[in-house]
Amino acid sequence: MFDTLSDRLTSVLTNLRGKGRLSDADIDATAREIRIALLEADVALPVVRNFIKGVKDRAKGAEVSQALNPAQQVIKIVNEELVTILGGETRRLEYAKNPPTVIMLAGLQGSGKTTLAGKLAKWLAGQGHTPLLVACDLQRPNAVNQLQVVGERAGVPVFAPEPGNGVGDPVGVSRRSLDEARRAQHDVVIVDTAGRLGIDEEMMKQAADIRDAITPDEILFVLDAMIGQDAVNTAEAFRDGVGFSGVVLTKLDGDARGGAALSVREVTGQPIMFASSGEKLEDFDIFHPDRMANRILGMGDLLTLIEQAEQAFDQEQAEQAAQKLGTGQLTLEDFLEQMQAVRRMGPLQNLLGMLPGAGQIKDQLANFDEKSLDRIQAIIRGMTPAERADPKIINASRRQRIARGSGVAISEINDLVNRFFEARKMMQQMAGQFGGFGGGGSRN
Ligand code: GDP
(Lines give C-alpha, C1' and ligand atoms only; values in the text may rest on other atoms or scores of the structure.)
Protein backbone atom coordinates (compact mmCIF):
# COMPACT_ATOMS: atom_id res chain seq x y z
CA MET A 1 0.00 0.00 0.00
CA PHE A 2 1.68 3.23 -1.15
CA ASP A 3 4.98 1.43 -0.67
CA THR A 4 7.14 3.62 -2.87
CA LEU A 5 5.81 6.83 -1.40
CA SER A 6 6.12 5.44 2.08
CA ASP A 7 9.74 4.37 1.54
CA ARG A 8 10.70 7.75 0.16
CA LEU A 9 9.03 9.83 2.83
CA THR A 10 10.33 7.63 5.61
CA SER A 11 13.87 7.98 4.37
CA VAL A 12 13.60 11.77 3.96
CA LEU A 13 12.35 12.07 7.52
CA THR A 14 14.90 9.61 8.89
CA ASN A 15 17.64 11.86 7.55
CA LEU A 16 16.43 14.60 9.87
CA ARG A 17 16.89 12.54 12.99
CA GLY A 18 19.85 13.40 15.09
CA LYS A 19 19.91 17.03 13.99
CA GLY A 20 19.87 19.32 16.97
CA ARG A 21 18.50 22.38 15.25
CA LEU A 22 16.95 22.75 11.82
CA SER A 23 17.95 25.78 9.80
CA ASP A 24 15.66 27.24 7.14
CA ALA A 25 18.01 25.64 4.60
CA ASP A 26 17.45 22.23 6.20
CA ILE A 27 13.72 22.75 5.99
CA ASP A 28 13.91 23.84 2.36
CA ALA A 29 15.99 20.81 1.46
CA THR A 30 13.58 18.49 3.24
CA ALA A 31 10.58 20.14 1.57
CA ARG A 32 12.26 19.69 -1.81
CA GLU A 33 12.76 15.99 -1.23
CA ILE A 34 9.20 15.52 -0.02
CA ARG A 35 7.99 17.32 -3.12
CA ILE A 36 9.91 14.93 -5.38
CA ALA A 37 8.61 11.93 -3.45
CA LEU A 38 5.01 13.09 -3.83
CA LEU A 39 5.36 13.92 -7.52
CA GLU A 40 7.00 10.59 -8.25
CA ALA A 41 4.08 8.89 -6.54
CA ASP A 42 1.71 10.68 -8.95
CA VAL A 43 0.17 12.99 -6.36
CA ALA A 44 -1.47 15.82 -8.34
CA LEU A 45 0.60 18.99 -8.66
CA PRO A 46 -1.81 21.44 -6.96
CA VAL A 47 -2.09 19.06 -4.03
CA VAL A 48 1.70 18.80 -3.79
CA ARG A 49 2.02 22.59 -3.86
CA ASN A 50 -0.43 23.06 -1.02
CA PHE A 51 1.14 20.33 0.98
CA ILE A 52 4.67 21.68 0.67
CA LYS A 53 3.56 25.20 1.45
CA GLY A 54 1.79 24.00 4.58
CA VAL A 55 4.81 22.06 5.77
CA LYS A 56 7.28 24.88 5.09
CA ASP A 57 5.20 27.62 6.68
CA ARG A 58 4.58 25.65 9.79
CA ALA A 59 8.11 24.26 10.13
CA LYS A 60 9.70 27.70 9.72
CA GLY A 61 7.13 29.31 11.95
CA ALA A 62 8.65 26.94 14.53
CA GLU A 63 5.70 25.66 16.42
CA VAL A 64 7.92 25.13 19.38
CA SER A 65 7.12 22.15 21.47
CA GLN A 66 9.07 21.40 24.60
CA ALA A 67 8.50 17.70 24.20
CA LEU A 68 9.72 17.29 20.65
CA ASN A 69 13.10 17.86 19.07
CA PRO A 70 13.14 19.79 15.77
CA ALA A 71 13.16 16.69 13.58
CA GLN A 72 10.23 15.24 15.46
CA GLN A 73 8.37 18.50 15.00
CA VAL A 74 8.82 18.31 11.23
CA ILE A 75 7.64 14.71 11.23
CA LYS A 76 4.59 15.75 13.22
CA ILE A 77 3.85 18.57 10.80
CA VAL A 78 4.24 16.32 7.74
CA ASN A 79 1.97 13.77 9.38
CA GLU A 80 -0.71 16.35 10.13
CA GLU A 81 -0.56 17.83 6.63
CA LEU A 82 -0.91 14.35 5.20
CA VAL A 83 -3.97 13.74 7.36
CA THR A 84 -5.39 17.00 6.04
CA ILE A 85 -4.99 16.14 2.34
CA LEU A 86 -6.50 12.72 3.05
CA GLY A 87 -9.59 14.45 4.42
CA GLY A 88 -8.98 15.07 8.11
CA GLU A 89 -11.82 13.42 9.98
CA THR A 90 -13.02 9.92 9.18
CA ARG A 91 -16.23 10.23 7.18
CA ARG A 92 -18.75 7.52 8.00
CA LEU A 93 -21.81 6.41 6.07
CA GLU A 94 -24.90 8.46 6.68
CA TYR A 95 -28.05 6.45 7.08
CA ALA A 96 -31.47 7.66 6.01
CA LYS A 97 -33.95 8.57 8.74
CA ASN A 98 -36.56 6.52 6.91
CA PRO A 99 -35.03 3.25 5.73
CA PRO A 100 -33.99 1.97 3.35
CA THR A 101 -30.74 3.89 3.08
CA VAL A 102 -29.91 3.89 -0.62
CA ILE A 103 -26.26 3.60 -1.66
CA MET A 104 -25.41 3.84 -5.33
CA LEU A 105 -22.04 2.77 -6.70
CA ALA A 106 -20.51 4.48 -9.72
CA GLY A 107 -17.18 4.09 -11.45
CA LEU A 108 -15.36 2.76 -14.48
CA GLN A 109 -15.63 -0.85 -15.54
CA GLY A 110 -12.98 -2.90 -13.76
CA SER A 111 -12.63 -0.42 -10.93
CA GLY A 112 -13.91 -3.08 -8.54
CA LYS A 113 -17.54 -1.97 -8.15
CA THR A 114 -19.14 -5.38 -8.11
CA THR A 115 -16.55 -6.78 -5.72
CA LEU A 116 -17.00 -3.71 -3.55
CA ALA A 117 -20.78 -4.18 -3.53
CA GLY A 118 -20.21 -7.58 -1.93
CA LYS A 119 -17.65 -6.23 0.54
CA LEU A 120 -19.88 -3.41 1.62
CA ALA A 121 -22.87 -5.74 1.93
CA LYS A 122 -20.91 -8.16 4.09
CA TRP A 123 -19.53 -5.37 6.22
CA LEU A 124 -23.01 -3.86 6.72
CA ALA A 125 -24.50 -7.26 7.55
CA GLY A 126 -21.73 -7.71 10.13
CA GLN A 127 -22.92 -4.48 11.76
CA GLY A 128 -26.46 -5.77 12.09
CA HIS A 129 -27.91 -4.26 8.91
CA THR A 130 -30.01 -6.21 6.42
CA PRO A 131 -28.73 -5.06 3.03
CA LEU A 132 -30.11 -5.84 -0.40
CA LEU A 133 -27.78 -5.88 -3.42
CA VAL A 134 -29.22 -4.60 -6.69
CA ALA A 135 -27.86 -5.54 -10.10
CA CYS A 136 -28.16 -2.54 -12.39
CA ASP A 137 -25.06 -3.30 -14.42
CA LEU A 138 -26.96 -4.78 -17.31
CA GLN A 139 -24.31 -3.88 -19.85
CA ARG A 140 -21.49 -6.26 -19.08
CA PRO A 141 -22.62 -9.78 -20.08
CA ASN A 142 -21.62 -11.49 -16.86
CA ALA A 143 -22.16 -8.69 -14.37
CA VAL A 144 -25.51 -9.85 -12.92
CA ASN A 145 -24.18 -13.32 -12.44
CA GLN A 146 -20.99 -11.97 -10.83
CA LEU A 147 -23.05 -9.94 -8.37
CA GLN A 148 -25.10 -13.04 -7.54
CA VAL A 149 -21.92 -14.98 -6.80
CA VAL A 150 -20.58 -12.16 -4.65
CA GLY A 151 -23.95 -11.84 -2.87
CA GLU A 152 -23.96 -15.52 -2.08
CA ARG A 153 -20.48 -15.31 -0.62
CA ALA A 154 -21.53 -12.32 1.46
CA GLY A 155 -24.75 -14.03 2.53
CA VAL A 156 -26.80 -11.12 1.16
CA PRO A 157 -29.72 -11.42 -1.30
CA VAL A 158 -29.50 -9.91 -4.78
CA PHE A 159 -32.30 -8.18 -6.64
CA ALA A 160 -31.88 -8.67 -10.39
CA PRO A 161 -34.14 -8.49 -13.43
CA GLU A 162 -35.91 -11.73 -14.32
CA PRO A 163 -34.68 -13.12 -17.64
CA GLY A 164 -36.83 -11.50 -20.31
CA ASN A 165 -38.19 -8.85 -17.95
CA GLY A 166 -36.40 -5.59 -17.48
CA VAL A 167 -33.08 -6.86 -18.78
CA GLY A 168 -32.55 -3.72 -20.83
CA ASP A 169 -33.92 -1.32 -18.23
CA PRO A 170 -31.52 -0.60 -15.36
CA VAL A 171 -33.51 2.45 -14.26
CA GLY A 172 -36.67 0.38 -13.89
CA VAL A 173 -34.78 -2.30 -12.00
CA SER A 174 -33.33 0.25 -9.60
CA ARG A 175 -36.79 1.68 -8.94
CA ARG A 176 -38.38 -1.73 -8.37
CA SER A 177 -35.57 -2.69 -6.01
CA LEU A 178 -36.70 -0.03 -3.56
CA ASP A 179 -40.20 -1.52 -3.45
CA GLU A 180 -38.66 -4.91 -2.85
CA ALA A 181 -36.46 -3.51 -0.05
CA ARG A 182 -39.49 -2.01 1.69
CA ARG A 183 -41.49 -5.18 1.25
CA ALA A 184 -38.76 -7.47 2.60
CA GLN A 185 -37.57 -4.92 5.18
CA HIS A 186 -34.03 -4.39 3.98
CA ASP A 187 -32.65 -1.31 5.71
CA VAL A 188 -29.88 -0.65 3.18
CA VAL A 189 -29.93 -0.99 -0.60
CA ILE A 190 -26.66 -1.17 -2.56
CA VAL A 191 -27.06 -0.47 -6.27
CA ASP A 192 -24.32 -1.67 -8.61
CA THR A 193 -24.31 0.28 -11.87
CA ALA A 194 -22.69 -0.21 -15.27
CA GLY A 195 -19.25 1.20 -15.96
CA ARG A 196 -17.30 1.57 -19.17
CA LEU A 197 -13.62 1.22 -19.83
CA GLY A 198 -13.35 4.96 -20.33
CA ILE A 199 -15.44 7.99 -19.60
CA ASP A 200 -18.50 7.81 -21.80
CA GLU A 201 -21.53 10.07 -22.08
CA GLU A 202 -24.04 7.29 -22.34
CA MET A 203 -22.72 5.68 -19.18
CA MET A 204 -22.89 8.97 -17.32
CA LYS A 205 -26.42 9.53 -18.51
CA GLN A 206 -27.52 6.09 -17.40
CA ALA A 207 -25.95 6.61 -13.98
CA ALA A 208 -27.61 10.03 -13.70
CA ASP A 209 -30.99 8.51 -14.68
CA ILE A 210 -30.64 5.85 -12.00
CA ARG A 211 -29.65 8.56 -9.52
CA ASP A 212 -32.77 10.55 -10.37
CA ALA A 213 -34.99 7.48 -10.06
CA ILE A 214 -33.81 6.41 -6.61
CA THR A 215 -32.41 9.63 -5.03
CA PRO A 216 -29.58 7.85 -3.20
CA ASP A 217 -28.49 8.86 0.30
CA GLU A 218 -24.90 8.16 -0.70
CA ILE A 219 -23.29 7.92 -4.12
CA LEU A 220 -19.93 6.22 -3.80
CA PHE A 221 -17.44 6.74 -6.58
CA VAL A 222 -15.28 3.62 -6.85
CA LEU A 223 -11.73 4.38 -7.91
CA ASP A 224 -8.99 1.92 -8.82
CA ALA A 225 -5.88 3.29 -7.10
CA MET A 226 -3.70 1.62 -9.70
CA ILE A 227 -4.84 3.71 -12.67
CA GLY A 228 -2.31 6.40 -11.79
CA GLN A 229 -2.61 9.88 -13.27
CA ASP A 230 -6.02 9.12 -14.83
CA ALA A 231 -7.53 8.89 -11.37
CA VAL A 232 -7.93 12.63 -11.03
CA ASN A 233 -9.53 13.14 -14.47
CA THR A 234 -11.87 10.23 -13.97
CA ALA A 235 -12.93 11.53 -10.56
CA GLU A 236 -13.61 14.98 -11.99
CA ALA A 237 -15.65 13.51 -14.84
CA PHE A 238 -17.81 11.52 -12.43
CA ARG A 239 -18.20 14.49 -10.13
CA ASP A 240 -19.48 16.60 -13.02
CA GLY A 241 -21.48 13.82 -14.73
CA VAL A 242 -23.18 12.09 -11.81
CA GLY A 243 -21.90 13.67 -8.63
CA PHE A 244 -20.87 11.65 -5.60
CA SER A 245 -20.79 12.00 -1.85
CA GLY A 246 -17.80 9.79 -1.12
CA VAL A 247 -14.95 7.86 -2.69
CA VAL A 248 -13.91 4.25 -2.30
CA LEU A 249 -10.31 3.46 -3.19
CA THR A 250 -9.80 -0.07 -4.46
CA LYS A 251 -6.73 -2.19 -5.19
CA LEU A 252 -4.63 -0.52 -2.56
CA ASP A 253 -2.86 -3.85 -2.23
CA GLY A 254 -1.21 -3.21 -5.59
CA ASP A 255 2.28 -1.85 -5.42
CA ALA A 256 1.36 1.00 -7.73
CA ARG A 257 2.38 4.57 -7.12
CA GLY A 258 -1.18 5.29 -6.05
CA GLY A 259 -0.56 8.91 -5.14
CA ALA A 260 -3.11 10.13 -7.65
CA ALA A 261 -5.79 8.44 -5.58
CA LEU A 262 -4.52 10.34 -2.57
CA SER A 263 -5.22 13.57 -4.46
CA VAL A 264 -8.84 12.75 -5.08
CA ARG A 265 -10.13 14.22 -1.85
CA GLU A 266 -8.49 17.57 -2.37
CA VAL A 267 -9.28 17.75 -6.08
CA THR A 268 -12.97 16.80 -5.84
CA GLY A 269 -13.71 18.02 -2.34
CA GLN A 270 -15.36 14.69 -1.48
CA PRO A 271 -14.00 12.41 1.24
CA ILE A 272 -12.47 8.97 0.86
CA MET A 273 -14.79 6.75 2.89
CA PHE A 274 -13.64 3.18 2.34
CA ALA A 275 -10.53 1.36 1.22
CA SER A 276 -10.33 -1.99 -0.46
CA SER A 277 -7.10 -3.92 -0.47
CA GLY A 278 -7.58 -7.34 -2.00
CA GLU A 279 -9.91 -9.64 -3.87
CA LYS A 280 -11.43 -11.31 -0.81
CA LEU A 281 -14.60 -9.91 0.75
CA GLU A 282 -12.80 -9.26 4.03
CA ASP A 283 -10.16 -7.04 2.41
CA PHE A 284 -12.10 -3.89 3.09
CA ASP A 285 -12.32 -1.25 5.79
CA ILE A 286 -13.38 2.26 6.67
CA PHE A 287 -10.79 4.78 5.48
CA HIS A 288 -9.27 6.66 8.40
CA PRO A 289 -7.12 9.58 7.16
CA ASP A 290 -5.02 9.63 10.34
CA ARG A 291 -4.29 5.93 10.31
CA MET A 292 -3.44 6.01 6.61
CA ALA A 293 -1.03 8.90 7.18
CA ASN A 294 0.66 6.93 9.96
CA ARG A 295 1.03 3.97 7.69
CA ILE A 296 2.46 6.03 4.86
CA LEU A 297 5.01 7.52 7.23
CA GLY A 298 6.06 4.08 8.49
CA MET A 299 4.48 4.59 11.88
CA GLY A 300 2.27 1.53 11.59
CA ASP A 301 -1.43 1.21 12.12
CA LEU A 302 -1.84 -0.27 15.54
CA LEU A 303 -5.43 0.89 15.96
CA THR A 304 -6.64 -1.15 13.00
CA LEU A 305 -4.60 -4.10 14.19
CA ILE A 306 -6.20 -3.89 17.63
CA GLU A 307 -9.70 -3.63 16.17
CA GLN A 308 -9.14 -6.67 14.01
CA ALA A 309 -7.81 -8.54 17.03
CA GLU A 310 -10.87 -7.64 19.07
CA GLN A 311 -13.08 -9.13 16.40
CA ALA A 312 -11.05 -12.30 15.97
CA PHE A 313 -10.29 -13.23 19.57
CA ASP A 314 -12.55 -14.67 22.17
CA GLN A 315 -11.66 -12.57 25.20
CA GLU A 316 -12.13 -15.33 27.74
CA GLN A 317 -10.15 -17.87 25.76
CA ALA A 318 -7.32 -15.38 25.29
CA GLU A 319 -7.18 -14.64 29.01
CA GLN A 320 -7.05 -18.29 29.87
CA ALA A 321 -4.23 -18.82 27.41
CA ALA A 322 -2.32 -15.87 28.87
CA GLN A 323 -2.61 -17.33 32.36
CA LYS A 324 -1.49 -20.73 31.22
CA LEU A 325 1.46 -19.11 29.48
CA GLY A 326 2.67 -17.67 32.73
CA THR A 327 2.44 -20.94 34.60
CA GLY A 328 3.97 -23.08 31.89
CA GLN A 329 0.73 -24.98 31.32
CA LEU A 330 0.16 -23.90 27.73
CA THR A 331 -0.73 -26.85 25.52
CA LEU A 332 -0.60 -27.34 21.79
CA GLU A 333 -4.40 -27.22 21.84
CA ASP A 334 -4.26 -23.65 23.21
CA PHE A 335 -1.60 -22.81 20.69
CA LEU A 336 -3.78 -24.06 17.84
CA GLU A 337 -6.75 -22.01 19.07
CA GLN A 338 -4.69 -18.85 19.32
CA MET A 339 -3.16 -19.43 15.94
CA GLN A 340 -6.57 -19.89 14.36
CA ALA A 341 -7.74 -16.66 15.95
CA VAL A 342 -4.74 -14.76 14.61
CA ARG A 343 -5.38 -16.14 11.15
CA ARG A 344 -9.00 -15.03 11.25
CA MET A 345 -7.60 -11.52 11.28
CA GLY A 346 -6.30 -11.98 7.74
CA PRO A 347 -3.04 -12.96 6.05
CA LEU A 348 -0.10 -12.62 8.43
CA GLN A 349 1.70 -10.47 5.88
CA ASN A 350 -1.04 -7.83 6.10
CA LEU A 351 -1.05 -7.93 9.89
CA LEU A 352 2.70 -7.54 10.23
CA GLY A 353 2.56 -4.77 7.64
CA MET A 354 0.58 -2.69 10.13
CA LEU A 355 3.36 -2.68 12.70
CA PRO A 356 5.60 0.37 13.00
CA GLY A 357 8.80 -0.12 11.02
CA ALA A 358 7.27 -2.85 8.87
CA GLY A 359 8.83 -1.16 5.85
CA GLN A 360 12.25 -2.27 7.03
CA ILE A 361 11.33 -5.97 6.90
CA LYS A 362 9.37 -5.68 3.67
CA ASP A 363 11.43 -8.30 1.85
CA GLN A 364 11.03 -10.88 4.58
CA LEU A 365 7.30 -10.13 4.66
CA ALA A 366 7.03 -10.58 0.91
CA ASN A 367 8.73 -13.98 1.16
CA PHE A 368 6.67 -15.19 4.07
CA ASP A 369 4.98 -18.44 3.17
CA GLU A 370 1.45 -18.62 4.59
CA LYS A 371 1.46 -22.34 3.76
CA SER A 372 3.96 -23.04 6.52
CA LEU A 373 1.16 -22.09 8.94
CA ASP A 374 -1.19 -24.53 7.22
CA ARG A 375 1.39 -27.26 7.82
CA ILE A 376 1.70 -26.43 11.50
CA GLN A 377 -2.07 -26.55 11.89
CA ALA A 378 -2.22 -29.85 10.01
CA ILE A 379 0.41 -31.35 12.35
CA ILE A 380 -1.45 -30.32 15.50
CA ARG A 381 -4.76 -31.51 14.09
CA GLY A 382 -3.12 -34.88 13.41
CA MET A 383 -2.40 -35.28 17.13
CA THR A 384 -4.70 -36.90 19.68
CA PRO A 385 -6.10 -34.70 22.47
CA ALA A 386 -3.69 -36.37 24.89
CA GLU A 387 -0.72 -35.51 22.69
CA ARG A 388 -1.84 -31.91 22.32
CA ALA A 389 -2.24 -31.59 26.07
CA ASP A 390 1.13 -33.13 26.85
CA PRO A 391 3.47 -33.12 23.85
CA LYS A 392 6.12 -34.92 25.92
CA ILE A 393 4.38 -38.22 25.24
CA ILE A 394 5.00 -37.89 21.50
CA ASN A 395 7.51 -40.69 20.98
CA ALA A 396 8.98 -42.04 17.75
CA SER A 397 6.01 -44.18 16.76
CA ARG A 398 3.54 -41.40 17.50
CA ARG A 399 5.64 -39.07 15.37
CA GLN A 400 5.46 -41.51 12.49
CA ARG A 401 1.69 -41.73 12.79
CA ILE A 402 1.26 -37.94 12.94
CA ALA A 403 3.57 -37.45 9.96
CA ARG A 404 1.58 -39.92 7.89
CA GLY A 405 -1.74 -38.41 8.92
CA SER A 406 -0.81 -34.79 8.27
CA GLY A 407 1.35 -35.39 5.21
CA VAL A 408 4.55 -33.77 6.50
CA ALA A 409 8.08 -35.03 7.21
CA ILE A 410 8.93 -36.33 10.69
CA SER A 411 11.58 -33.63 10.98
CA GLU A 412 8.85 -30.96 10.79
CA ILE A 413 7.10 -32.54 13.75
CA ASN A 414 10.36 -32.61 15.70
CA ASP A 415 10.90 -28.96 14.86
CA LEU A 416 7.44 -27.93 15.96
CA VAL A 417 7.53 -29.82 19.25
CA ASN A 418 11.02 -28.57 20.10
CA ARG A 419 10.14 -24.98 19.31
CA PHE A 420 6.97 -25.28 21.34
CA PHE A 421 8.94 -26.43 24.41
CA GLU A 422 11.49 -23.66 23.97
CA ALA A 423 8.79 -21.01 23.61
CA ARG A 424 6.93 -22.30 26.64
CA LYS A 425 10.09 -22.19 28.72
CA MET A 426 10.89 -18.68 27.58
CA MET A 427 7.38 -17.44 28.36
CA GLN A 428 7.57 -18.95 31.79
CA GLN A 429 10.87 -17.20 32.48
CA MET A 430 9.50 -13.90 31.27
CA ALA A 431 6.41 -14.32 33.39
CA GLY A 432 8.68 -14.94 36.38
CA GLN A 433 10.52 -11.70 35.73
CA PHE A 434 7.52 -9.52 35.04
CA GLY A 435 5.15 -10.93 37.61
CA GLY A 436 2.95 -13.04 35.37
CA PHE A 437 0.82 -12.66 32.29
CA GLY A 438 -2.87 -12.17 32.36
CA GLY A 439 -3.41 -12.21 36.09
CA GLY A 440 -3.56 -9.05 38.14
CA GLY A 441 -2.25 -6.62 35.51
CA SER A 442 -4.27 -3.47 35.02
CA ARG A 443 -6.13 -3.22 31.76
CA ASN A 444 -8.12 -0.40 30.30
P1 GDP B 1 -16.35 -3.72 -11.85
O2 GDP B 1 -16.24 -3.89 -13.32
O3 GDP B 1 -16.15 -2.29 -11.45
O4 GDP B 1 -17.59 -4.30 -11.27
O5 GDP B 1 -15.08 -4.48 -11.20
P6 GDP B 1 -14.99 -5.90 -10.53
O7 GDP B 1 -15.61 -5.91 -9.19
O8 GDP B 1 -15.45 -6.93 -11.50
O9 GDP B 1 -13.41 -5.98 -10.32
C10 GDP B 1 -12.50 -6.06 -11.40
C11 GDP B 1 -11.32 -6.93 -10.99
O12 GDP B 1 -10.60 -6.33 -9.93
C13 GDP B 1 -11.73 -8.30 -10.47
O14 GDP B 1 -10.81 -9.24 -10.98
C15 GDP B 1 -11.60 -8.17 -8.96
O16 GDP B 1 -11.31 -9.41 -8.36
C17 GDP B 1 -10.45 -7.21 -8.83
N18 GDP B 1 -10.48 -6.42 -7.59
C19 GDP B 1 -11.50 -5.71 -7.05
N20 GDP B 1 -11.12 -5.07 -5.91
C21 GDP B 1 -9.81 -5.40 -5.72
C22 GDP B 1 -8.84 -5.04 -4.73
O23 GDP B 1 -9.08 -4.29 -3.76
N24 GDP B 1 -7.60 -5.57 -4.89
C25 GDP B 1 -7.29 -6.39 -5.93
N26 GDP B 1 -6.05 -6.87 -6.02
N27 GDP B 1 -8.17 -6.73 -6.89
C28 GDP B 1 -9.42 -6.25 -6.79
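Val191 touches ten residues beyond its sequence neighbourhood of four places: Val102, Ile103, Met104, Leu105, Val134, Cys136, Ser174, Ser177, Ile210 and Ile214. In this predicted model, Val191 also belongs to the largest nonpolar core, which has 93 residues. Ile190, Val191 and Leu223 make the most contacts inside that core. Helix 4 (residues 70-85) supplies its largest share, six residues. The core draws on two domains, with at least three residues from domain 1 (3-85) and at least three from domain 2 (101-287). Another core lies apart from it. This one has 11 residues, among them Leu332, Ile376, Ile379 and Ile402. In soluble globular proteins, nonpolar side chains tend to be buried together.

The protein chain has 444 residues, and 37% of them are buried. Its secondary structure consists of 20 helices and eight strands. Contacts within the chain often span long stretches of sequence. Among those between residues at least 6 apart, 75% join residues at least 24 apart.

Eight strands form an open sheet with mixed pairing. Their order is 3-2-4-1-5-6-7-8. Strand 3 (158-159) and strand 8 are the edge strands, and each pairs on one side only. Strand 1 (residues 101-106) runs parallel to strand 5 (residues 218-224), and four bridges link the two. Within this pairing, Ala106 stands opposite Phe221 of strand 5. Strand 6 (residues 246-250) is likewise parallel to strand 7, over three bridges. There, Val247 has Ile272 of strand 7 as its bridge partner. Strand 7 also pairs with strand 8 (residues 284-286). That pairing is antiparallel and has three bridges. Ser276 stands opposite Phe284 of strand 8. Strand 7 (residues 272-276) is mostly covered, with five of its five residues buried.

Ser276 also takes part in the surroundings of the ligand. A shell of 18 residues lies around the ligand. The nearest are Gly112, Lys113, Thr114, Thr115 and Ser276. Helix 5 (residues 113-126) gives the largest share of the shell, three residues. In composition, the shell has 13 polar residues, five charged residues and no nonpolar residues.

Helix 10 (residues 259-268) is largely enclosed by the rest of the structure, because eight of its 10 residues are buried. The buried positions are Gly259, Ala260, Ala261, Leu262, Ser263, Val264, Arg265 and Thr268. Just after the helix, Gly269 adopts a positive phi of about 80 degrees.

Positive phi values also occur in residues other than glycine. Asp42 has a phi near 75 degrees. Asp42 sits in the loop between helix 2 (24-40) and helix 3 (45-60). Despite its loop position, Asp42 counts as buried, because it has 23 C-beta neighbours inside 10 Å and the threshold is 20 or more. Lys251 has a phi near 60 degrees. Its place is the loop between strand 6 and helix 10. Lys251 is buried too, because 24 C-beta neighbours lie inside 10 Å.

Two further loop positions complete the picture. Pro99 and Pro100 are joined by a cis peptide bond, with omega at about 5 degrees. Pro100 falls in the loop between helix 4 and strand 1. Gly198 lies in the loop between strand 4 (188-193) and helix 8 (201-214). Gly198 is exposed, because 11 other C-beta atoms lie within 10 Å and the limit for exposure is 12 or fewer. Gly198 is 90 residues from Leu108 in sequence, yet their C-alpha atoms are 6.6 Å apart in space.

Methods: Residues numbered from 1 in each chain as written. Predicted model: local features only at pLDDT ≥ 70, side-chain atom pairs only at ≥ 80, totals over all residues. Near = placed C-beta within 6 Å. Nonpolar A, V, L, I, M, F, W, Y, C, P; charged D, E, K, R; others polar. Pairing = 2+ DSSP bridges. Core = buried A, V, L, I, M, F, W, Y, C linked by C-beta atoms within 7 Å. Domains from an automatic or database assignment. Contact = placed C-beta atoms within 7 Å.
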